[in-house]
There are 2 protein chains.
Amino acid sequence: MRASVLSDWLAQRLDRGNGQPIYRQLHRLLQQAILSRELPAGSKVPSSRLLAQELGIGRNTVTQVYEQLVLEGYVNSATGRGTFVADSAPDEIVGVPDAEALAAPLESLPPPLQGNRALSTRGARLIAGAGVSKRQWGAFMPGVPDVTKFPARVWSRLHNKYWRRLGPDLLTYAPGGGLASLRHTLADYLRTSRSVRCTPEQIIITTGIHQSVDLAVRLLSDPGDLIWTEDPCYWGVRSVLHVSGLQSRPIAVDEEGINPSADDLAQPPKLMLVTPSHQYPLGMVMSLARRRMLLEYARQNQCWIIEDDYDSEYRYGSRPLASLQGLDTSGQVIYVGSFGKTLFPGLRIGYLVVPEALAESFATASAELYREGQLLQQAMLAEFIAEGHFTSHIRKMRTLYGQRRQTLLDAAAHCYGDALPAVGGDAGLHLVMQLPAGSDDRAVAAAALERNIVVRPLSGYYAQPSLAPSGLLIGYACVPDEEIAPAFNTLADAIDATLVQFA
Amino acid sequence: MRASVLSDWLAQRLDRGNGQPIYRQLHRLLQQAILSRELPAGSKVPSSRLLAQELGIGRNTVTQVYEQLVLEGYVNSATGRGTFVADSAPDEIVGVPDAEALAAPLESLPPPLQGNRALSTRGARLIAGAGVSKRQWGAFMPGVPDVTKFPARVWSRLHNKYWRRLGPDLLTYAPGGGLASLRHTLADYLRTSRSVRCTPEQIIITTGIHQSVDLAVRLLSDPGDLIWTEDPCYWGVRSVLHVSGLQSRPIAVDEEGINPSADDLAQPPKLMLVTPSHQYPLGMVMSLARRRMLLEYARQNQCWIIEDDYDSEYRYGSRPLASLQGLDTSGQVIYVGSFGKTLFPGLRIGYLVVPEALAESFATASAELYREGQLLQQAMLAEFIAEGHFTSHIRKMRTLYGQRRQTLLDAAAHCYGDALPAVGGDAGLHLVMQLPAGSDDRAVAAAALERNIVVRPLSGYYAQPSLAPSGLLIGYACVPDEEIAPAFNTLADAIDATLVQFA
């Protein structure tokens, strides 16, 4: 459809009698036209004056709808030149899973939420795109460590020690940045284990990756700013970015990590979010050449790089490369990590390492925005690390997870031989099993869940699930060794049942 | 200055040779002109086309600056009619403390932050407006309970009990909304103590007021939406609103609580944030008539009311009125509370009670955005409440704080008689001592801090500190009885030294 016939197309579909406000109808119809490519990328939409005239509606209505579509990333407004359909429609940009629903004919949509049920635009998209699972434990939940092996007695001893000599300082609000002893201990640990170069003041304690990214994004970017995310990437962080108003551009990854094209490079983002140690969820390690390229590009274009060093502790075989942060000579890198995968997720302690020039602003903003506390747990953690429990726990778990990974690989090979290869198992707590091209990994995951097995469809991590490779994220960390093979056999039943239907 | 001479005024001040981008200069000059009232509220600014022509700069530059000013709330863009200076400039709207700096001549400003030091617009304003203190303990820190009286042995016993029988369910991520047992216990407690009517499913456990407000605001409003805040109000929540892009309109309070004028009522907000039980920081209780008015207005105009029921447990004398939530028959009220003031701030457990229709969305969004944990602490707290420790602790602390309050009032009367009256002491953990009109409460607070006494200037809680009444927030809760009179005498030294200078 050419833009010139848009007015007719819209006029045929707007329905003054159906009880829905014209604003909502027009908004939804334009979303449909863009998502379905009937209005192709780059095409110009009529001026608000013209469209209002042709549809016989108020110009304010049209303007408001256009502004909403700009905010949502469907169109770009170039002042003086007009309004154009964005190069990447939001289903590509943000990976909204309900793109199908949006693109469905208007009649089949549920009536818009109104009154007490009305979420905001950003709220509704957050809910529609939510990736969070109701299950947080059991075979093969990815991203969850075996918390039953956590040295609970050591932790309890530390707890009792601190509660016995409790002063008010550990029970009240956290000073900006968190407890000094933990920041000192972490600076030492990160220097030796991850080649991160920082003073304790550059470390900001948070409740985890979500809060770390939220803080960095709010301090360093404004609504509408561009951020590069890896494609695929972690859905949770994508939601955090989206709700803060960022426009995310998914960048393809290859075997060396994030791989921006010439088109990508031509539009420098304000931020980029990368997982160099272990691409999430595919598992490849970013090459040194790619790291250098990224740092140089960020330096030249004054971009911030958020380095999510998640899971870097768990490697089976090769040694990890040093962190990007350690290679950064111009203060462009924000390094984020967490104790959720090494100790236990419910602990809710993570951290940022920020460039020196930003340290004070981050500390202030953290206290101002989140009013954090949990200093007692921070004190316990500092001592837990300083006494060596942390590194010995990681060593122990690395051995355990390495065995479980091998047990899982054996079970998969036993069932499928080389037919369904697994990737990304060299590090982390899960591996990705590839499914035949064109197969529906969501259907497989649903069939598995019916059999009480949790796996996550790989396509859901991509910005465009419908074009993504098919596969399964299989977490082995929290599954006892002896349960792995039986659970995999149950999963194989689900795969076979679904792929037969597919074939 | 009339808008028609704006172009000349700007042309004289734009400096192509000073190394600052024209965009930044124009942005800052327009901010100055608005803040200094040279461009009065309601006046129309020239069209981007015209201004670009007259200044000989690109139209895109002007448009971008205008868009930035719209985002920041300096101007409103009425499509088809032009761009107008907002009724309330942002120093009034958001209470930016650095309004003076913004309004200063361009030459005296530090060079704009660039490169690695550059915060985003929202980040810079967050830092400039941050109210958080580096001190969190000691006479007379407001808002901090006496954590040394917390029943640490009971808490430790619960901790050890749960750690001994630890299953993975309490160590991993929280399901959306928090632990079922705590939500059940809270529903009972809130029904009996606060007349809150809800099912456990309507309760969403958070880390405190900040996260509760952040979640509600993101789910229920979009950037640019209007929110009513009480004037004065808590600075921390104001920062949370601001960084989420809300435009806040300060509404005066009288002895019956928030008191919107006809002008205010003519522009229904998307949300309002009120403290009915005990206005923060002035302490008055919202009258029943005002509560009914507010609920009816919200019903008619489909606004959400966020009821911050903070400190409602601590009343010395009168019984509190039932919560707004309990009076609400149309599901407009979001009730928020926390355990920070009743147990200890560092605990970081708070909650929202949301209308039934929103419960599932809030639970999902909470898990998606924050990925919370801390289930072990939630389990301990549920048992702590169910075993009766919570109510007995509150009873004990109410007696203790009532005594401390009286000791403080006596010390103040001893020093000043009726000259400096105290208000707001009927509830909560602080009272407000009025200072002579026109005196500089910030100077008094600074003089007190030099003497190691923490008080907060009342004017800082107002949207326009320069027009606000002068006073001090004096927290008595965390000061041992015997230290109150000596500490007050030190404070009186600071007051006398400063007020002499003032007189």
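**Two chains, their contact and their sheets**

Hi everyone, let's start where the chains meet: between chain B and chain A there are 38 residue pairs in polar contact, counting pairs with both residues at pLDDT 80 or more. That pLDDT condition is there for a reason you should keep in mind today: this is a predicted model.

Which parts of chain B make up the side that touches chain A? Helices α4 (59-72), α7 (121-128), α8 (152-164), α10 (209-220), α11 (235-243) and α15 (359-370) of chain B each supply at least two residues to it. If you want one helix to look for on your screen, pick α15(B), which gives the most to this side, with 7 residues. As for the kind of residue, this side of chain B divides into 35 nonpolar, 34 polar and 12 charged.

Now the whole contact. It takes 81 residues from chain B and 80 residues from chain A. About 7,400 Å² is buried between the two chains, and carbon and sulfur atoms give 55% of that area. How many salt bridges are there between chain B and chain A? The count is 2. In a salt bridge you can find for yourselves, the side chain of Arg218(A) meets that of Asp214(B), at 3.0 Å from N to O.

Let's widen the view. Over all chains, a search of the whole structure finds 26 salt bridges. Among them is the one between Asp146(A) and Arg404(A), with the closest N and O atoms 2.9 Å apart. I like this pair, as it links distant parts of the chain: Asp146(A) is in the loop between α7 (121-128) and α8 (152-164) of chain A, while Arg404(A) is in helix α17 (residues 389-416), 258 residues away.

On to the sheets. A quick reminder: strands of a sheet pair through backbone hydrogen bonds, either parallel or antiparallel. In chain B, have a look at an open sheet of 4 strands, with antiparallel pairing and the order β12-β13-β15-β14. Why do β12 (422-423) and β14 (456-457) of chain B each have one side without a neighbour in the sheet? They stand at the edges, each with a single partner strand, so there is no strand on the other side. For β14(B), 2 bridges join this strand to β15 (residues 471-475) of chain B, and the two run antiparallel. Zooming in on that pairing, Arg456(B) has Leu473(B) in β15(B) as its bridge partner. Helix α18 (residues 441-450) of chain B packs on this sheet, touching β14 and β15, and its direction makes about 40 degrees with that of β15(B).

Chain A has an open sheet of 3 strands for us, again antiparallel, in the order β1-β3-β2. Here β1 (44-45) and β2 (75-78) of chain A are the edge strands, each pairing on one side only. Strand β1(A) pairs with β3 (residues 82-85) of chain A over 2 bridges, and Val45(A) stands opposite Thr83(A) in β3(A).

Last, some backbone details. The peptide bond from Asp231(A) to Pro232(A) is cis, with omega near 15 degrees, and Pro232(A) is in the loop between β5 (226-231) and α11 (235-243) of chain A. In chain B, a cis peptide bond joins Ala139(B) and Phe140(B), with omega about -10 degrees; you will find Phe140(B) in the loop between α7 and α8 of chain B. Finally, Ser195(A) is a residue other than glycine with a positive phi, near 55 degrees. Thanks for listening!

Definitions and conventions: Residues are numbered from 1 along each chain as its sequence is written. Chains are lettered from A and ligands numbered from 1 in the order in which they are written. This is a predicted model: local features need pLDDT of at least 70, side-chain atom pairs count only at pLDDT 80 or more; totals for chains, interfaces and linings use all residues. Side-chain values use heavy atoms; hydrogens and water are left out. Two strands pair if DSSP finds at least two bridges between them. Contact means heavy atoms within 4.5 Å. Axes are lines fitted to C-alpha atoms, for helices over the stretch in contact, and angles run from 0 to 180 degrees between N-to-C directions. Buried area is the accessible area (1.4 Å probe) that two parts lose on being put together, summed over both. A salt bridge is a side-chain nitrogen of Lys or Arg within 4 Å of a carboxyl oxygen of Asp or Glu. A polar contact is a pair of N or O atoms within 3.5 Å; within protein, one must be able to donate a hydrogen and the other to accept it, and residues adjacent in sequence count only if both atoms are side-chain atoms. Ala, Val, Leu, Ile, Met, Phe, Trp, Tyr, Cys and Pro count as nonpolar, Asp, Glu, Lys and Arg as charged, and the others, Gly among them, as polar.
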